[in-house]
Amino acid sequence: MKKHGSILGGTLLITGSCIGAGMLGLPILTGLAGFLPTFIMFVIAWLFMTTTALLMIETLGWFDKPVNLISMVGHTLGPIGKLLCWFLYLFLFYALLVAYMSASGNHVSSFSHYTLSLKFPDWGGTLFFVILFGWLVYLGTRPVDHLNRFLMVGKIGAYLLLIFLGIRYIAPRLLLYFEPKYALVSFPILIISFGFHNMIPSLFHYMGGDRKRVRQAIWYGSIFAFVIYLIWEIIVLGILPIGEIQSSFQADIDGAQALHNYLGSTWIGYAAQVLAFFAILTSFLAQSLSLVHFLRDGFKLHKKKREHLGMCALALLPPLFFSVAFPKIFFQALNFAGGICAVVLFGIFPALMAWIGRYQKKHLLEDRVRGGKPLLLGVLLVACFIFFYQLTQMLGF
């Protein structure tokens with residue numbers, strides 16, 4: 001089979017899909033438990049999501065043409081599974097956009113206050129952000145792609161600057177805080193943080209259907225993301241006292257803004273704000289454009305030079321309403337996206353598809369994921385536990 005994209009390119013695609021605005025919420029949600037429980041949960045989440053990604057690669061190997069997640073689910077789980085996949089995929093995008101819009105309002109108002117000495121309400125910041133960059137989404141993929149290249153450079157630069165400046169502020173004693181009863185709180189956002197699975201069909205096609213090279217890209221890319229997250233956790237949890245983390249959680253403030261509020265007008269505070277801006281904007285643009293394309297395909301609309309205005313409105317107005325009506329919804333939206341939508345789409349579905357494909361449809365590849373039924377049962381048990389845990393939290397049980 002002809003080889004196409006490089007392993008390095010695939011690795012960067014996986015890492016880029018992981019590193020986004022969800023990264024901002026990680027230190028606050030995980031910090032409630034402390035660094036050691038956080039590290040353990042990171043390892044579990046990384047192994048879980050990498051395993052389900054490899055199961056998706058196995059499923060893609062059963063087809064002789066490029067397919068997406070909807071087609072994979074339809075082939076194995078039937079019409080009901082396909083319909084459920086449609087709804088969950090749609091709700092996942094909406095929940096993520098609600099989170100990003102909510103966070104944008106906090107950061108725009110904070111920027112206007114500290115830099116311009118203007119009091120800007122959060123809802124006004126969200127509205128300004130969505131109008132400005134929603135217009136860019138309407139212009140189409142090419143303008144978004146061109147801007148995203150500069151934003152990625154800025155995001156990487158802000159991250160490296162934050163590490164360089166933040167090391168001297170770290171107090172090692174803060175990393176010894178230990179409260180494992182809060183460890184499970186972080187699992188939904190960890191699912192989102194390692195949730196690159198929507199990219200896998202595109203990556204599979206990009207690399208010419210070479211399953212071995214795709215698996216290598218997944219391992220390297222997910223490990224790279226793991227290291228980036230871990231360094232970010234050390235910086236934030238090593239600087240913020242637990243009281244600051246708890247108050248930030250209650251006020252729905254992400255890690256970057258919490259750093260800025262705690263350290264004041266310092267270079268590291270500004271670096272954190274810049275990182276947050278780039279992380280939110282790159283995530284917003286990518287998810288908005290993906291949702292517009294998803295809706296356009298669902299309504300069978302023809303592709304044009306610019307995106308369909310009605311599809312842009314359908315993609316952006318519902319999450320805008322929720323983020324303005326409920327401005328303190330950043331963490332709740334991320335938890336819903338990770339603990340409900342993503343855990344089913346990228347946890348339960350891959351294991352079920354592999355089970356049905358192997359043991360009912362008799363799709364047996366030589367390079368299938370090892371572990372047999374015990375592995376698939378283990379994945380299903382973990383995924384179902386996360387799902388029902390998050391459901392009970394949302395219902396207040």
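**Close-ups of a predicted model**

**View 1. The cavity and what lines it.** In this predicted model, the count comes to one cavity of 30 Å³ or more. The largest cavity has a volume of about 30 Å³. Its lining is made up of Ser102, Gly105, Asn106, Asp122, Trp123, Thr126, Ser323, Val324 and Pro327. Three elements give two or more residues each to that lining: α4 (69–116), α5 (122–139) and α13 (309–325). Sorted by character, the lining residues come out as three nonpolar, five polar and one charged.

**View 2. A closer look at Ser323, one of the cavity-lining residues.** Ser323 sits in helix α13. Is this serine buried or exposed? Ser323 is buried, because its relative accessible area is just 1%, and the cut-off for buried is under 20%. A polar atom of the Ser323 side chain lies 3.0 Å from the backbone oxygen of Leu320. Leaving aside residues up to four places away in sequence, Ser323 touches Val98, Met101, Ser102 and Thr126. Ser102 and Thr126 also turn up in the lining of the largest cavity.

**View 3. Phe385 and Tyr389, a pair of rings in one helix.** Across the model, the count comes to 23 aromatic pairs. In the pair shown here, the ring centres of Phe385 and Tyr389 are 6.4 Å apart and the planes meet at 20°, so the pair is stacked; the cut-off for stacked is under 30 degrees. Both residues belong to helix α15 (residues 372–395), and they are four residues apart, or about one turn of the helix. Phe385 counts as partly exposed, with 47% relative accessibility.

**View 4. An aromatic cluster.** Which residues form this cluster? Phe39, Phe42, Trp46, Phe194, Trp219, Phe226 and Tyr229 do, as one group.

**View 5. Asp252, a loop residue with a positive phi.** Most residues other than glycine have a negative phi. Asp252 has a positive one, near 60°. Look for Asp252 in the loop between α10 (242–250) and α11 (255–263). Asp252 counts as buried, because its relative accessibility is 3%.

**View 6. Lys362, with a positive phi as well.** Here too phi is near 60°, in a residue other than glycine. Where does Lys362 sit? Lys362 is in the loop between α14 (330–359) and α15. Whereas Asp252 is buried, Lys362 counts as exposed, at 58% relative accessibility.

Definitions and conventions
Residues are numbered from 1 along each chain as its sequence is written. This is a predicted model: local features need pLDDT of at least 70, side-chain atom pairs count only at pLDDT 80 or more; totals for chains, interfaces and linings use all residues. Side-chain values use heavy atoms; hydrogens and water are left out. On a 1 Å grid over the protein atoms alone, a cavity is a set of points where a 1.4 Å probe fits but cannot get out, and a pocket is an open set with protein on both sides within 12 Å along at least five of seven lines; lining residues have an atom within 4 Å of a point. Grid points are joined across faces, edges and corners, and a volume is the space filled by probe spheres set on the points. Ala, Val, Leu, Ile, Met, Phe, Trp, Tyr, Cys and Pro count as nonpolar, Asp, Glu, Lys and Arg as charged, and the others, Gly among them, as polar. Buried means under 20% relative accessible area, exposed over 50%, partly exposed in between (1.4 Å probe, protein chains only). A polar contact is a pair of N or O atoms within 3.5 Å; within protein, one must be able to donate a hydrogen and the other to accept it, and residues adjacent in sequence count only if both atoms are side-chain atoms. Contact means heavy atoms within 4.5 Å. Rings of Phe, Tyr and Trp (its six-membered ring) pair if their centres lie within 6.5 Å; planes under 30 degrees apart count as stacked, over 60 as edge-to-face and the rest as tilted.
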